[in-house]
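Hi,

Here is the structure I promised to send over. Have a look at it first, and then read on for what turned up.

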Amino acid sequence: MRHDTIQAVFDGVYTALVTNVLLVAGGLPLALLAVTTDSTRAWPLYALAAPLCAPGVCGVFAVMSAYTAGRADGPLRTFGRAWQATARPAMLWAAAATAVLVVLGVDAYALWGHRAGALALPVLAMLAVLTVATTLLGLVAIAEQPAARLPRVARACLYLAVRRWYLTGVSLLVLALLAQLVVLRPAIALGVAAAPLLYVVWANSRFCLRVALDPPAGPRTT
């Protein structure tokens, strides 16, 4: 029992550390932009680079799914297969979400300081939060089922993000905490905290999507 417990602890720590490295590798376009450019002026480059990082996020979620299920393929092999399988749908999904967020952001900037903004800005903020929540659920769904059709993924994730708003809120809060850590302490965030926090986000999102990903079996017919 003691040997099994120690082995499980070492496996978990190893998987977490490798997952952090894979997350950085998958998000290399954004990482390079963060180091070489001013984030306040280069936001169009960030918008273009964000979809390129989506397959890496799906790969990380696939590693977490495999670890939870007890599959012994290894995080590197699992990440590589998931990245290859989800590259096209994940990029398209992230590109669509990025386009929506850019439009909402431009509208909010144009309405800032105007009378119409008092009514429109809360609506735009709510739409932005809903877009982020739907995008997150969609990446988890694509990691689980890369061949799923994106329109069906969009409908299911949008519905479940609203229907299970309390789970959505938890995921967004944890994601915001991770983003704040990346800004304030990037080495600690990406080297230590990223995998545990993203695991919480993945597990919460996976539970939220359980109805869509694991539909109950229908009655048997004879």
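The largest nonpolar core has 38 residues, and Phe61 and Leu209 are the ones with the most contacts inside it. Keep in mind throughout that this is a predicted model. Plenty of helices feed into that core: α1 (2-26), α3 (43-69), α4 (75-111), α5 (115-144), α6 (150-163), α7 (165-184) and α8 (186-208) each put in at least two residues. The biggest giver is α5, with eight residues.

If you want a place to start clicking, try Leu209. Setting aside neighbours within four places in sequence, Leu209 is in contact with Leu137, Val140, Ala141, Cys157, Leu160 and Asp214.

That list brings up Cys157, and with it the cysteines. How many disulfides does the structure hold? Zero. The sulfur of Cys157 has its closest cysteine sulfur in Cys208, and the two are 8.3 Å apart, which is too far for a bond. For a pair to count as a disulfide, the sulfurs would have to be within 2.5 Å. Seen from the other side, Cys208 is in no disulfide either, its nearest cysteine sulfur being that of Cys157. Are these two cysteines buried or exposed? Cys157 is buried, at a relative accessible area of 1%, and Cys208 is buried too, with a relative accessible area of 1%.

Next, charges. As a reminder, side chains of opposite charge can pair when their charged atoms come close. The count here comes to one salt bridge. Glu144 and Arg206 form that salt bridge, with 3.5 Å between the closest N and O atoms. The pair ties together distant parts of the chain, since Glu144 sits in helix α5 and Arg206 in helix α8, 62 residues apart. As for cover, Glu144 is partly exposed, with a relative accessible area of 25%, whereas Arg206 is buried at 18%. Arg206 counts as buried because the cut-off is under 20% relative accessible area.

Now to the outside. Val9, Val13 and Leu17 make a nonpolar surface patch of about 260 Å². Of these, Val13 is found in helix α1 and is partly exposed, at a relative accessible area of 45%.

Two alanines are also worth a click. Ala118 belongs to helix α5 and is exposed, with a relative accessible area of 60%. Between Ala118 and Gly59 there are 41 Å in space, C-alpha to C-alpha, for a separation of 59 residues in sequence.

The other one, Ala154, lies in helix α6 and counts as partly exposed, at 28% relative accessibility. From Ala154 to Thr135 the C-alpha to C-alpha distance is 8.3 Å, and the two are 19 residues apart in sequence. Which residues does Ala154 touch, leaving aside neighbours within four places in sequence? Ala154 is in contact with Trp93 and Thr134.

To pull the main points together: there is a largest nonpolar core of 38 residues, to which α5 gives the most. Add one salt bridge, between Glu144 and Arg206, and zero disulfides. On the surface, look for the nonpolar patch made by Val9, Val13 and Leu17.

Cheers

Conventions. Residues numbered from 1 in each chain as written. Predicted model: local features only at pLDDT ≥ 70, side-chain atom pairs only at ≥ 80, totals over all residues. Heavy atoms only, no water. Buried < 20%, exposed > 50% of the residue type's maximum accessible area, 1.4 Å probe, protein only. Core = buried A, V, L, I, M, F, W, Y, C linked by side-chain atoms within 4.5 Å. Helix = DSSP H or I, 4+ residues; strand = E, 2+ residues; numbered from the N terminus. Contact = heavy atoms within 4.5 Å. Patch = residues over 30% accessible without salt bridge, like charges linked within 9 Å, V, L, I, M, F, W, Y side chains within 5 Å. Areas by Shrake-Rupley, 256 points an atom, 1.4 Å probe, with all protein chains shown as cover. Salt bridge = Lys/Arg side-chain N within 4 Å of Asp/Glu carboxyl O.
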